[in-house]
Amino acid sequence: DMSPSSPIGVATTYKVPFTSEDGLNSGLIDTVRATPDTCTDDFSRLTILPYLSPMKQPYLLVFLALLSLLTACSQQTGTADCGNGEATASAETIEWKMVTTWPRDFPGLGTGANYLAKIIGEMSGGRLTVKVYGGNELVPPFEVFDAVQRGTAEMGHGGAYYWKGKIPASPFFSTVPFGLTGAELNGWFYHGGGLDVYHEAYEPFGVIPYPIGNSGTQMGGWFNKEINSVNDLQGLKMRIPGFGGEVLKKVGGTPVNIPGAELFTALQNGTIDATEWVGPMNDLAFGLFRAARYYYYPGWHEPGTALEAIINREAFNALPADLQSIVVIACKASNMDMYADFEARNGEALKTLVEEHGVELRPFPDEVLAELKRASREIIEEQARADEMSAKVWASLSSYMERVKGSTAIGSQYFVNRR
């Protein structure tokens, strides 16, 4: 009986009985499974017990030849029949495309997309490969969602707040002004019900979202004039997406949403008066210090910004179960890796901006932050009243924030302020 009694890929020794026609010679053949993805055996390690006479050895050679032929056939087909009618995983290679909202290889964000594609390929043993396209290489940055929804690409890499026009609740999954930090947001996603409402909000569009990174607390932005009071925000044209843009509008400013690759030119030629982007690492890479003088903090509008992978549901459902799990786990690993990357590199980048480029760091005045916080709560409550899904997401997120803010206050927040 050659049917396996242990998992495929585990080295297993079988003793196969052999008896000659005249019954005078008999023995046991030791065979060792050596091929990890088939049910066939490698007979290169062969021992016969007891001795077979030269006259009887041809029987054994015929037996081995037949089994070797079966082994070769199985390896050529790429699948193996295990004797129960089921086949092991096919060696077929599946190729996906990933479109992003970022410039190719842009630090933290573009490289985060590359990392996600890389580990999916490695974890799947090359069975699922993902080709990454930077913004405008296959589709424009703000058409990433549409491209994944219609199947032009199987994956997208961007920020949830870019899709507010399609999914009013989407900004909640990026960040909320004066809301959760990056660490708290991950707690909400994975252990506070956030991932459930995230999937529910995107379900009607045929895409599946996952958090795949976090920038940590961002900077307040680059300004060509000082912000000393709320009045200085009146008429200010500033690139700022999501809820932050709506808050700026409420206090008298003019929000503008343009792709990151266009920020420097827009700030330099006066199309905008100010811009937020991410933080020191990315802002240094874009050279924004050459177009604006003042660098304000904190990023009240993005206290812990999650980045997003979206996956075409039909393409995902067509994957074998093991590849589905690999994609999900790879997204989780990418989330951790990007967050760590920002934490590690922002400090050195900030030092470079200040010491080598003479950037002037400025805190927003308390009066300005207080007004922005008041306006933020009004905007969020208005959104929750206007959209049923937004109300559901905000109820989940705000409830979680209430549960954790006490421990944050006496834990990491209290400690860091005294370190």
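The legends below describe close-up views of a predicted model.

**View 1. The five-stranded sheet.**
This view shows an open sheet built from five strands. Read across the sheet, the strand order is E5-E4-E6-E13-E7, and the pairing is mixed. Strand E5 (128-133) and strand E7 (207-214) form the edges, each pairing on one side only. On average, and with direction ignored, neighbouring strands of the sheet are turned by 25 degrees against each other.

**View 2. The pairing of E7 with E13.**
Here the subject is edge strand E7 and its partner, strand E13 (residues 306-312). The two strands pair in the antiparallel sense, over seven bridges. To find one position in this pairing, look for Val207, which stands opposite Asn312 in E13.

**View 3. Helices against the sheet.**
Two helices are shown with the sheet, H5 and H10. Helix H5 (residues 194-202) packs on the sheet and touches E7 and E13. The direction of H5 makes about 135 degrees with that of E7. Helix H10 lies across strand E4 (94-100), E5, strand E6 (155-158), E7 and E13. The angle at which H10 runs to E7 is about 30 degrees.

**View 4. The largest pocket.**
The largest pocket holds about 1,200 Å³ of space. Its lining is made of 38 residues. Thr181, Thr217, Pro303, Thr408 and Gln413 are the lining residues that lie nearest the centre of the pocket. By class, the lining of the largest pocket divides into 17 nonpolar, 15 polar and six charged residues.

**View 5. Helices that line the largest pocket.**
Four helices each supply at least two residues of the lining of the largest pocket: H4 (182-191), H10 (321-355), H11 (366-386) and H12 (388-416). H12 gives the most, with nine residues. H10 also appears in View 3, where this helix lies across strands of the sheet.

**View 6. The largest cavity.**
Rolling a probe the size of a water molecule over the atoms shows where empty space is left. The structure holds four cavities of 30 Å³ or more, and this view shows the largest cavity, with about 80 Å³ of space. The residues lining the largest cavity are Trp102, Leu109, Tyr161, Tyr162, Ser215, Gln218, Trp277, Val278, Glu302, Thr305 and Leu307. Seven of the lining residues are nonpolar, three are polar and one is charged.

Key. Residues are numbered from 1 along each chain as its sequence is written. This is a predicted model: local features need pLDDT of at least 70, side-chain atom pairs count only at pLDDT 80 or more; totals for chains, interfaces and linings use all residues. Side-chain values use heavy atoms; hydrogens and water are left out. On a 1 Å grid over the protein atoms alone, a cavity is a set of points where a 1.4 Å probe fits but cannot get out, and a pocket is an open set with protein on both sides within 12 Å along at least five of seven lines; lining residues have an atom within 4 Å of a point. Grid points are joined across faces, edges and corners, and a volume is the space filled by probe spheres set on the points. Ala, Val, Leu, Ile, Met, Phe, Trp, Tyr, Cys and Pro count as nonpolar, Asp, Glu, Lys and Arg as charged, and the others, Gly among them, as polar. Two strands pair if DSSP finds at least two bridges between them. Axes are lines fitted to C-alpha atoms, for helices over the stretch in contact, and angles run from 0 to 180 degrees between N-to-C directions. Contact means heavy atoms within 4.5 Å.
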